[in-house]
Amino acid sequence: MVRGQRSSPGWTGGGPMTFPEVVCVLGIGRNYRDHAAELGNDAPERPMVFAKAPFRVTGEGDPIVLPACCETEQVDYEGELAVLLGRDAKDVAAEDALSHVAGYAAANDITARWWQKHGSGGQFVRGKSFDSFCPIGPWRSAEEVPDPQALRIVTTLNGDVVQDGATADMIFSVRDIIAHLSQDTTLPAGTVLLTGTPSGVGAGRTPPRFLRGGDSVEVSIAGVGTLRNPVQA
């Protein structure tokens, strides 16, 4: 089961809810214009999709471990909204997309920047899939989150605010993401969608500020929850 899960009123109505096991993690890159700009990139015209290994999902309080193969400081935080599908979705219309959502959570799309950009032939999955690189949780039932586009995301590093954004600023909404990804493709129950990060990541700061052993990272989404993780060298 998903670490950091909890029981809550069922999203289909009636009785306690058990969130499905995570079977797939898909991320959307550059889904905030200010984040694309801070790294010198144009805003995408279509959702920029990448995969993240589902067996890297950890939970609240679990350590983010800096890989030994990252020979320079490069491991970055990315606070974002995670969306968990509670039933299979295929060819879903945008207006019906949220009916497939079981829950929402704060997530941290941890990324090793050199491996993301240079270490895998231009593919993101390696730089985003080292052990401990996908802390998420705790999950909150979709019934308790009326509008996923009306949420504030705040990331702090050692107590200092480094990201402060709003899901209203997503280029592609949660509805749009589900509709796009489900075209001729079955997204199984247990699919997690990472919906992008606002500006303020370590790589975009002057000078850059990457994660170090002893750091503490917190991602808080109003109305959803708070995810806290220590960093280990």
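In this predicted model, helix 2 contributes the largest share of the lining of the largest pocket, with three residues. Helix 2 spans residues 113-117. Strand 1 (24-29) and helix 1 (33-38) also feature, and each of these three elements supplies at least two lining residues. The volume of the largest pocket is about 240 Å³. Its lining consists of 18 residues, and those closest to the centre are Arg-30, Leu-39, Arg-113, Gln-116 and Phe-124. By class, the lining residues comprise seven charged, six polar and five nonpolar.

Aromatic pairing was examined next. Five aromatic pairs are found in a search of the whole structure. One of them joins Phe-50 and Phe-124, with ring centres 5.8 Å apart. The planes of Phe-50 and Phe-124 meet at 55 degrees, so this pair is tilted; the edge-to-face class requires over 60 degrees. The pair links distant parts of the chain, as its members are 74 residues apart. Phe-50 sits in strand 2 (residues 48-52), whereas Phe-124 belongs to the loop between helix 2 and strand 9 (134-135). Phe-50 is buried, at 8% relative accessible area. Phe-124 has 17% relative accessibility and therefore also counts as buried, the limit being under 20%. Phe-124 is also among the residues closest to the centre of the largest pocket.

A second pair is formed by Phe-130 and Phe-133. Here the centres lie 5.4 Å apart and the planes are at 65 degrees, an edge-to-face arrangement. Both rings belong to buried residues: Phe-130 has a relative accessibility of 8%, and Phe-133 has 0%. Phe-130 and Phe-133 are also part of a cluster. Ring pairs link them there with Trp-114 and Trp-115.

Thr-197 offers a view of another site. This residue is located in the loop between strand 13 (191-194) and strand 14 (216-221). Its relative accessibility is 2%, so Thr-197 counts as buried. Two polar approaches at 2.8 Å involve its side chain. In one, a polar atom of the Thr-197 side chain lies 2.8 Å from the backbone oxygen of Gly-79. In the other, the side chain of Thr-197 makes a polar contact of 2.8 Å with the side chain of Gln-163. Gly-79 and Gln-163 both recur in the contact list of Thr-197. Leaving aside residues up to four places away in sequence, Thr-197 also touches Tyr-32, His-35, Glu-78 and Glu-80.

Technical notes: Residues numbered from 1 in each chain as written. Predicted model: local features only at pLDDT ≥ 70, side-chain atom pairs only at ≥ 80, totals over all residues. Heavy atoms only, no water. 1 Å grid on protein atoms, 1.4 Å probe; cavity = no way out; pocket = protein on both sides within 12 Å on 5 of 7 lines; lining within 4 Å. Points joined across faces, edges and corners; volume = space filled by probe spheres on them. Helix = DSSP H or I, 4+ residues; strand = E, 2+ residues; numbered from the N terminus. Nonpolar A, V, L, I, M, F, W, Y, C, P; charged D, E, K, R; others polar. Buried < 20%, exposed > 50% of the residue type's maximum accessible area, 1.4 Å probe, protein only. Polar contact = N/O pair within 3.5 Å; in protein donor to acceptor, adjacent residues only side chain to side chain. Contact = heavy atoms within 4.5 Å. Phe/Tyr/Trp six-rings, centres within 6.5 Å; stacked < 30°, edge-to-face > 60°.
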